[in-house]
Amino acid sequence: MTHNFGAGPCILPQEVFKQASQAVLEFNGTGLSILEISHRTPEFEQVVDETVRLVKELLNVPEGYSVVLLQGGASMQFSMVPLNLLGEGQTAAYLDSGVWASKAIKEGKVVGNVNVVASSKDANYTYIPRDFEIPADSAYFHYTSNNTIYGTELFETPKTSVPVVCDMSSDIMSRVINVSDFDLIYAGAQKNIGPAGVTVVIVKDSILGKAGRKLGSMLDYQIQVEGGSMYNTPPVFAIYVSMLNLRWLKSKGGIAEIERENIAKAEALYKEIDRNPLFKGTCKIEDRSRMNICFVMENPELEKPFLKFAEDRDIIGIKGHRSVGGFRASMYNALPITSVHALIDAMQEFAEKQRN
């Protein structure tokens, strides 16, 4: 068995792969592959409808919000958010907690005024800034809930009277959230929703249409909402696989159950990192991510040997990002706890060999 700790595109359930592979050959009795079916057929419209319905059901999305399935990844949202929400002469507030947050800030500045209310760049993003002020006249406040490269996660939504926008690309569907705390949530699918190619946007209808600028149709949330996620040809296969994966998540008991599993996985690995004298975590303990666990070795010269040691045991994807080094174990929803135990066993076995 291969233990896939890759940061993304990431592990998906085997049963989803089997169902999706069958649909590649023949979809839903149509005699056609899912790869060639028209997105305007009733059969595929049902796929879009079910995918949106499952997002709303699993996250308990309240009335007054729309869910749309877009393309361009979270990186497209870095531009779409300010284009739709940041009016002329207004200022948006951003929290800088990692590379993706800083990229969102960069794109926001192309559109208008951006106020970075706090940053942890001074410590290589190893903590989540706190005790910052969000000006009450901000057009919106934007933050990234989980920082995949650095292994930090913000579990509590900052309190503010201004609209809250969150990039949840790498921890959406991994824990229970209160959608009503947010005015716009966006997430690239390739962590816990499905394969790369589709982006989920959950937007409060009442915040749209107020920026006062004319937008190209593809960049306008209102037009995308009115188009029912099909203003243009959608990423058919990515949406279909996302639907299958959301069905799988629902069958497991939903987000409350998967959060319980994710907590158990993270606690087990962090316990070994803190116990094992060869390893140490890179982030402040209170800000540790459940999705992306970053750690290094006390002796950096042992990192390459341990990486090889792990790969020989079919543990892949744990090499840390180049800006952090060390290791990163990404533990998204579909990763079984048996894979976590395989990594822990490898860490213990490697430590034992170093003692002998």
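Which residue of strand 10 stands opposite Tyr186? The structure is a predicted model, and its strands give the answer. Tyr186 faces Val201. The two residues belong to a pairing between strand 9, residues 184-188, and strand 10, residues 199-204. That pairing is antiparallel and runs over 5 bridges.

Now take in the whole sheet. It is open and holds 7 strands, in the order 2-10-9-8-5-3-4. The pairing is mixed. Strand 2 (65-70) and strand 4 (113-119) stand at the edges. Each has a single partner strand, so one side of each lacks a neighbour in the sheet. From one strand to the next, the twist averages 15°. Helix 4, residues 99-111, packs on this sheet. Helix 4 touches strand 3 (91-96), strand 4, strand 5 (141-144) and strand 9. The direction of helix 4 makes about 160° with that of strand 3.

Next, strand 12. Strand 12 pairs with strand 11 (residues 279-281) in the antiparallel sense, over 3 bridges. There, Phe279 has Met297 as its bridge partner. Strand 12 also pairs with strand 14 (residues 327-330), again antiparallel, over 4 bridges. In that pairing Phe295 stands opposite Phe327.

How many residues of strand 12 are buried? The count is 6 of the 6, across residues 292-297, so strand 12 is largely enclosed by the rest of the structure. Side chains in a regular strand alternate between the two faces of the sheet. In strand 12, both faces are covered. Asn292, Cys294 and Val296 are buried on one side. Ile293, Phe295 and Met297 are buried on the other.

Definitions and conventions
Residues are numbered from 1 along each chain as its sequence is written. This is a predicted model: local features need pLDDT of at least 70, side-chain atom pairs count only at pLDDT 80 or more; totals for chains, interfaces and linings use all residues. Side-chain values use heavy atoms; hydrogens and water are left out. Buried means under 20% relative accessible area, exposed over 50%, partly exposed in between (1.4 Å probe, protein chains only). Two strands pair if DSSP finds at least two bridges between them. Axes are lines fitted to C-alpha atoms, for helices over the stretch in contact, and angles run from 0 to 180 degrees between N-to-C directions. Contact means heavy atoms within 4.5 Å.
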